[in-house]
Amino acid sequence: MRRVFWTGGHKSAGRLFNGSRLSLYTRAMSRTATLTRTTAETDITVRLDLDSSAHDAPHSGHGFFDHMLDALARHSRLGLSVRATGDLHIEPHHLIEDTGITLGQALAQALGDRKGIERYGSAFVPMDETLAHVVVDLSGRAHLAFEPERLEVWGEAGGMTHYHLREFLRGFCNHGGVTLHVRLLAGREAHHVIEAVVKALARALRDAVAVTSAEMPSTKGSL
């Protein structure tokens with residue numbers, strides 16, 4: 001049995017460029033969401049504030065996954081709090097995937113109609129021998145292109161592999177309305193691959209959620 005609850009609204013602040021004139025555009029409500037998702041396997045609460053860099057240390061019971069969630073919050077400069085429990089006695093798959101689902105739902109709720117957002121973001125992040133490239137489109141359409149699954153990535157970090165990362169990102173994209181392309185330009189060791197991808201995602205997401213105009217970033221008039 002699954003229970004999903006959320007609360008939230010929409011507030012954003014960004015800059016409008018009109019020739020050399022810079023003005024401030026502010027939407028009235030807060031771009032925040034608090035969402036809880038409970039299943040027979042996991043119980044996850046995510047709080048997300050797109051206009052705050054304040055974040056809490058994540059608690060999922062999985063040390064390396066907590067480290068990645070902390071990196072996501074720090075490098076995106078978004079207000080993120082994650083409290084999660086799951087059937088780690090089996091393996092971390094359910095916990096990691098369901099956290100991605102809940103984070104995606106929280107992002108969709110916090111973005112609201114997505115009016116005024118930059119929409120696109122792209123970032124390269126190196127980690128020693130590894131180089132990851134992540135491109136984000138907050139299009140409202142879910143798609144994940146995850147190149148590391150086609151490559152010979154080896155190893156794991158605290159029981160987390162690049163396949164667990166893929167499932168986290170798949171849940172995030174499917175429930176957040178996100179198009180995401182993940183490329184691996186160098187590196188094959190799982191720890192560095194996972195960490196570089198998460199940090200690149202964070203930096204790309206930071207740019208994509210920024211409010212930079214008063215317009216809908218689509219010729220269709222909606223996202």
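Let me start with one pair of residues: V136 stands opposite L180, which sits in β8. Keep in mind throughout that this is a predicted model.

That pair brings us to the two strands involved. Strand β6 covers residues 130-137, and strand β8 covers residues 179-186. They pair in the antiparallel sense, over seven bridges.

Now the sheet. β6 and β8 belong to an open sheet of four strands, and the order across it is β5-β6-β8-β7. The pairing in this sheet is mixed. At the edges are β5, residues 120-127, and β7, residues 143-146, each of them pairing on one side only. On average, neighbouring strands here are turned by 10° against each other, with direction ignored.

Next, the helices on the sheet. Helix α3, residues 162-176, lies across β7 and β8. Its direction is at about 160° to β7. Helix α4, residues 190-209, lies across β5, β6 and β8. The angle between α4 and β5 is about 150°. β8 therefore has a place in both lists, if you go by contact, meaning heavy atoms within 4.5 Å.

On to the cavities. How many cavities of 30 Å³ or more does the structure hold? There are two.

The largest cavity contains about 70 Å³ of space. Its lining is made of L48, L72, S76, L78, L80, L103, L107, F172 and L205. Two helices, α1 (63-76) and α2 (93-111), each supply at least two residues of that lining. By residue class, the lining of the largest cavity has eight nonpolar residues, one polar and no charged. S76 is the polar one, because serine is not on the nonpolar or the charged list.

The second largest cavity has a volume of about 60 Å³. The residues that line it are F65, M68, L69, L72, M160, L165, F168, V198 and L201. Three elements give two or more residues to this lining, namely α1, α3 and α4. Which of them gives the most? That is α1, with four residues. As for class, the lining of the second largest cavity is nine nonpolar residues, with no polar and no charged ones.

One residue to look for on the screen is L72. L72 is in the lining of the largest cavity, and L72 also lines the second largest.

To go back over the helices: α3 and α4, which lie across strands of the sheet, also give residues to the lining of the second largest cavity. α1 contributes to the linings of both cavities. That is what I have for today.

Terms used
Residues numbered from 1 in each chain as written. Predicted model: local features only at pLDDT ≥ 70, side-chain atom pairs only at ≥ 80, totals over all residues. Heavy atoms only, no water. Pairing = 2+ DSSP bridges. Axes fitted to C-alpha atoms, helices over the stretch in contact; angles between N-to-C directions. 1 Å grid on protein atoms, 1.4 Å probe; cavity = no way out; pocket = protein on both sides within 12 Å on 5 of 7 lines; lining within 4 Å. Points joined across faces, edges and corners; volume = space filled by probe spheres on them.
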